[in-house]
Amino acid sequence: KKKAIEPKKLKVNTNGIEKYFGWGSGVEAIVAQGNIIYISIETSENFNTVGYVVAGKYSPERNEIDVYYDTLEKVEPQTNISNFSEEAIGIWNNNVFSIYELNGKFLNEGAFAHVFPMDLKTQRQIKMPHIEYRITDITNVDSNGVFWGINYMWPGDYKDIPVKEDSLENKYGIGKSNSISKVRERIVEFKISENEINFTERPPIWLQLDENVNSRNWEGIVKFDDNGFLMVTDKYPTTILGYLKYKLID
């Protein structure tokens, strides 16, 4: 009999970063290396959406995270579209990197990811491939620099982030249930190197929409050993924890 996953509460001592939490704002992603954690934050300043990254430490004895406010680093947006910022965060080659939510060719012509040293004191840019729709989270990066990202389109965003052409759909086609809707739910594989992030040659994984073709705002993803992914939505349409079975090792 397989043991069920049992969620547990984890206290976060925000130590001042809570001032960045407001309507439509807050923590977007988290990644860990050992007991050191990194968080990306979305907030509004002077009616503009901006991002921050900040470091902290997890205490297994207390089951708590302490955020280090003095590590907070601001990340400027790549478009002037509100409610979009650094939506995903990862660690590779002793660097932290963050990915902006919108990287489509017609919205963000010079798309890039931000890279930081582990102390977050500086930042640089590396090239990001043009990918339509939204990037809402990524998995941990493996030893070869490979990771997966959620690529999602909520129909309510269609006017704000129009898509004229999707290079991945042109190359690999589209999932059957997605093809009859403006909804897009897929997972895309990437590879990071010193100066850029690129697609791999693996086709996207399309998620089957429900029979009413409703969208699900997938906001979190982790690899589940080599057997697939665990994914979670926000509150739209409700909070869902799902398992996507997929063979990750060829």
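**Note on salt bridges and selected residues**

1. Both partners of one charged pair, arginine 134 and glutamate 219, are buried. The model is a predicted one. The side chains of arginine 134 and glutamate 219 meet in a salt bridge, with 3.8 Å from N to O. Arginine 134 belongs to strand S11 (residues 131–138) and glutamate 219 to strand S16, so this salt bridge ties together parts that are 85 residues apart in sequence.

2. A second pair consists of aspartate 166 and arginine 186, whose closest N and O atoms are 2.9 Å apart in a salt bridge. Aspartate 166 sits in the loop between strand S12 (146–153) and helix H1 (167–172), while arginine 186 is in strand S13, so the pair links parts that are 20 residues apart in sequence. Aspartate 166 and arginine 186 are both buried. Elsewhere, Glu101, Arg134, Asp157 and Glu219 are joined into one network by salt bridges that share partners. Two of these names, Arg134 and Glu219, are the pair of point 1.

3. Glutamate 194 and arginine 124 form a salt bridge through their side chains, at 3.1 Å from N to O. Glutamate 194 is placed in the loop between strand S13 (184–192) and strand S14 (197–199), and arginine 124 in strand S10 (residues 124–127), so the bridge ties together parts that are 70 residues apart in sequence. Are these partners buried or partly exposed? Glutamate 194 has a relative accessible area of 41% and is therefore partly exposed. Arginine 124, with 31% relative accessibility, also counts as partly exposed. Over the whole structure, a search finds 13 salt bridges.

4. Asparagine 217 is in the loop between strand S15 (205–206) and strand S16 (218–223). Its relative accessible area is 8%, so asparagine 217 is buried, the cut-off being under 20%. Beyond its neighbours within four places in sequence, asparagine 217 is in contact with Arg134, Tyr152, Val232, Thr233, Asp234 and Tyr236. Tyrosine 152 is 65 residues from asparagine 217 in sequence, yet their C-alpha atoms are 7.4 Å apart in space. With aspartate 234, the contact includes a polar one between the two side chains, at 2.7 Å. Another of the contacts, Arg134, is the arginine that forms a salt bridge with glutamate 219.

5. Serine 40 is part of strand S3 (residues 36–45). Because its relative accessibility is 0%, serine 40 counts as buried. What does the side chain of serine 40 reach at 3.4 Å? The partner is the backbone oxygen of glutamate 86. Not counting residues up to four places away in sequence, serine 40 touches Gly26, Val27, Glu28, Ala29, Tyr52, Val53, Glu86, Glu87 and Ile89.

6. On the surface, Ile5, Phe224 and Tyr243 form a nonpolar patch, and together they have about 290 Å² of accessible area. Tyrosine 243 is found in strand S18 (residues 241–245). With a relative accessible area of 44%, tyrosine 243 is partly exposed, whereas serine 40 is buried.

Conventions
Residues numbered from 1 in each chain as written. Predicted model: local features only at pLDDT ≥ 70, side-chain atom pairs only at ≥ 80, totals over all residues. Heavy atoms only, no water. Helix = DSSP H or I, 4+ residues; strand = E, 2+ residues; numbered from the N terminus. Buried < 20%, exposed > 50% of the residue type's maximum accessible area, 1.4 Å probe, protein only. Contact = heavy atoms within 4.5 Å. Polar contact = N/O pair within 3.5 Å; in protein donor to acceptor, adjacent residues only side chain to side chain. Patch = residues over 30% accessible without salt bridge, like charges linked within 9 Å, V, L, I, M, F, W, Y side chains within 5 Å. Areas by Shrake-Rupley, 256 points an atom, 1.4 Å probe, with all protein chains shown as cover. Salt bridge = Lys/Arg side-chain N within 4 Å of Asp/Glu carboxyl O.
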